[in-house]
Amino acid sequence: MNPTSSAPRRITLAHGAGGRLTADLVREVFLKRLHNPHLATLSDSAIVPVPAPVAAGEIGAAASAARIALTTDGFVVTPLFFPGGDIGKLAVFGTVNDLAVAGAIPAYLTASFIIEEGLPVADLARVVDSMAAAAREARVVVVAGDTKVVERGSCDGLFIATAGVGHLHPHAVLGPAKVRPGDCLVLSGPVGLHGVAVLSGREGLTFETTVRSDCASVAGLTVPVLDKVGPAVRWMRDPTRGGLATVACELGEEAGVAVVLEEAAVPVPPDVRGACEMFGLDPLYLANEGKVLMVVAPDEAGTVVALLREAGQPGAAIVGSVEAAGAPSPAPAAAGPPLGPGAYLRTTFGGTKPLERLSGDQLPRIC
Amino acid sequence: MADLIDVDARPELPPSTARESLPAAAAQPFRDPALVAALVQAIRRDVEAYGRPVILMEVCGTHTVAISRSGIRDLLDGLVDLRSGPGCPVCVTAQADIDRMIALAALPGVTILTYGDMVRVPGTLGTLEAARAAGADVRVVYSALDAVALAAAGPFPEASRPAASGPGAAAGREFVFLGVGFETTAPGVCLAVDEARRLGLRNFVVFSAHKTIPAALRALLATAAPPSAASAGPRPPRVQGFILPGHVSAVIGRRAYDFLAADFGLPAAVTGFEPVDILVAVRELVRSVVRGAAPKVVNLYPRVVREDGNARAREAIDRVFEPCPAEWRGLGVIPESGLAFRPEWAGYDAASRFGQAAEEVLAKSPSTRAGGGDGPGGDGPLRGEDPRRGEGSGPRAGGGLIRKQAACRCGDVLRGEVLPTGCPLFARVCTPADPVGPCMVSSEGSCAAYYRYERRR
């Protein structure tokens, strides 16, 4: 933080956008106070030992050999129902995906509902039906729940908070330290669908064709890949809030490498591209709810793409690579000074542009 | 390669039935790398014959971003000096107007409806975002018609609306839509007030900060120093041609810019926003400058822009608005460059309804400016401390804010006299997370575009 800025005294919406301000808030407010090695990794799920008794009758946990993945998430999407999904489906798949990209096989979920006075019961039932269907599809069970009702105006219809637990896949050895220069970035499919679907679900925005959210479980993708080529997979993340570009920034910072996305290789559906151009949005920063980015050893990248396509993702593709930060780029098109740690976009015309986290939400342009 | 490609051919649009996700290049003829390379080659040949870079200016925030994001600026490095002018509607909104908007947000019973970009622009009283966090009702809408729909529905959000509230009937909230933009958005606002009148709404007004481009171009050129004048210090670059905005031109037409050639002897080209669109325009302008041709204003965006623009849109603007003087950040007050409601529409004019109340809020704060615009190089005169320091009035407060705002060079950036990198605050003190001036806040501001796409690590 630069010394001449005074930090904002109140939380603003920008703090929730998953970009720079969110990262600062997590570091300055949460990590400072709740510090422990698990939280400090800032990964989607914590991999923790199954608690074992310390000594008879005592509080506290000893570490057993078995490890589980544990995660939590909150869902506040508006509108509650959007093309391709709803808040309930999002809650189940979002939590499942946080476990899956940590290398876990999801097993149990909890769901806590904060309901606004006045919400039609039919709407609530529809959301829960959707959660049940999603849970069946993801092969997880919702084992605990809670319900609270707040006064009219205190929340947008419905908020859902979840927790999830799963066991670690035996081949999963993931982490930023595993990432190597030369590794490939494999993306499971086209970007921007969820972001545009939610935008179009908001009042007043209609397009000629309906873009549907890609909300889905990625466990069906991560598990087969870990089964076949587990040791070759270094790191995974689902590009939700903040999009592919934000995940690339996170990877670059956490692993201390230069993450280079190839603009021509990132699949963007024509409808998404059209909506983005109309509103002045960048598809690389739009949320996805059924995609995973994997960092894979170069000799297995092709195999991973094939596995993803077999698993029902025809758009799976290699979208970039990892380069050592500080070393001159080996690619002939990108002459110039070496790249520092972080994320970059190699444009269709061969230029290399740094990618930054956004400071707040992307806002549609005015004219 | 250049010989094989006809750089004057216009690519056909791809069939709209294509639904599969194709790799970017194959589906995007207006982004075809081979065509781009050929155009850059043609530009390079002309500039090398000329012997020095050609200086061009675009006046559209969407062009600013497209040029930076696509890498065109890099491709033309050393060949064309591409400047941004006052083309970002948020950026050119005067500090005084931003302060009035924030003052309106502070009025009891008022709901501010605004485009998203305006929410984070710092005035001297903070930002709309900070006002919202402190309890003001500020909501982002995507269009003026959305704003009318909200006013018609009453003050409660959809999910928990009480049964059967009639249009505008619920509990006395008044809705103020912040009308920022150029000729592109003004027609939409006309439709919105038409709709408000049709619904008989009494709770909906528009704060019109709309501006018109041709008058700004005249003012910009009129203030540029002639080459023969002796002056101390570095002279700002003299623009040799204009890239004209595609969307504004769709409304006002190509003919509206003829004065650039006729009165100022400058070539200009209306063009779209794809990389090929922009490079074709650059190539036309460079060719015109290098060959010393008689300057012309050409339409290179015929798929969207007509000679006289969109007659219905222009009629709507003329029916609802009349030209008025407007204060532009960086350019001062320009006569006939703003749009004010005609007297018969006063019922929908925020200035008529709330002007007095807003001025009273401003007068109570010691931070109030005593009139005056944004002169070159900064954001207006120094003023006293913000009394709401530390109370959520904005990202900064107190003396630090004043020093920073005085050092802000948004005005010079908006006149194309300085690149964002030439502002001492750029990327050091002024960043997207912690912006000092609107050029860094707006997604179409030059400083934001440079920060996101032009910096090197």
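In the predicted model, helix 7 of chain A comprises the 13 residues 243–255 and reaches 18 Å from its first C-alpha to its last. This span is close to the 18 Å expected at 1.5 Å a residue. The helix is mostly covered, with 10 of its 13 residues buried. The buried positions are Gly243(A), Leu244(A), Ala245(A), Thr246(A), Val247(A), Ala248(A), Cys249(A), Glu250(A), Leu251(A) and Gly252(A). Their cover includes strand 8 (184–187), strand 9 (233–237) and strand 10 (257–262) of chain A, together with strand 11 (293–296), strand 13 (342–346) and strand 14 (352–355) of that chain. Following helix 7 of chain A is Gly256(A), which has a positive phi near 65°.

Elsewhere in chain A, Val29(A) is located in helix 1, which covers residues 20–33. With a relative accessibility of 34%, Val29(A) is classed as partly exposed, because this value lies between the 20% limit for buried residues and the 50% limit for exposed ones. Val29(A) joins Phe30(A), Leu34(A) and Leu39(A) in a nonpolar patch on the surface. Together these four residues present about 330 Å² of accessible area.

The cysteines were examined next. A disulfide is a covalent bond linking the sulfur atoms of two cysteines. A search of the whole structure returns 1 disulfide over all chains. This bond is formed by Cys88(B) and Cys91(B), whose sulfur atoms are 2.4 Å apart. The torsion about the S-S bond of Cys88(B) and Cys91(B) is about 70°, and the disulfide is therefore right-handed. Both partners are buried: the relative accessible area is 4% for Cys88(B) and 1% for Cys91(B). By contrast, Cys215(A) takes part in no disulfide, and the nearest cysteine sulfur, belonging to Cys276(A), is 19 Å away. Cys215(A) is nevertheless buried, at a relative accessible area of 5%. Cys249(A) is likewise in no disulfide, the nearest cysteine sulfur being that of Cys276(A) at a distance of 17 Å. A relative accessibility of 2% places Cys249(A) among the buried residues, and Cys249(A) is also one of the buried positions listed for helix 7 of chain A.

Chain B, which carries the disulfide, has a secondary structure of 18 helices and 11 strands. Of the 457 residues in chain B, 58% are buried. Among contacts in chain B with a separation of 6 or more, 75% involve residues 24 or more positions apart. The area exposed by chain B is about 17900 Å², of which carbon and sulfur atoms supply 55%.

Within chain B, Asp97(B) is placed in helix 5, spanning residues 95–105. Asp97(B) counts as buried because its relative accessibility, 14%, falls under the 20% cut-off. When residues up to four places away in sequence are not counted, Asp97(B) touches Phe207(B) and Lys211(B).

Note on methods
Residues numbered from 1 in each chain as written. Chains lettered and ligands numbered in written order. Predicted model: local features only at pLDDT ≥ 70, side-chain atom pairs only at ≥ 80, totals over all residues. Heavy atoms only, no water. Patch = residues over 30% accessible without salt bridge, like charges linked within 9 Å, V, L, I, M, F, W, Y side chains within 5 Å. Areas by Shrake-Rupley, 256 points an atom, 1.4 Å probe, with all protein chains shown as cover. Salt bridge = Lys/Arg side-chain N within 4 Å of Asp/Glu carboxyl O. Helix = DSSP H or I, 4+ residues; strand = E, 2+ residues; numbered from the N terminus. Buried < 20%, exposed > 50% of the residue type's maximum accessible area, 1.4 Å probe, protein only. Disulfide = S-S within 2.5 Å. Expected span 1.5 Å × (residues − 1). Contact = heavy atoms within 4.5 Å.
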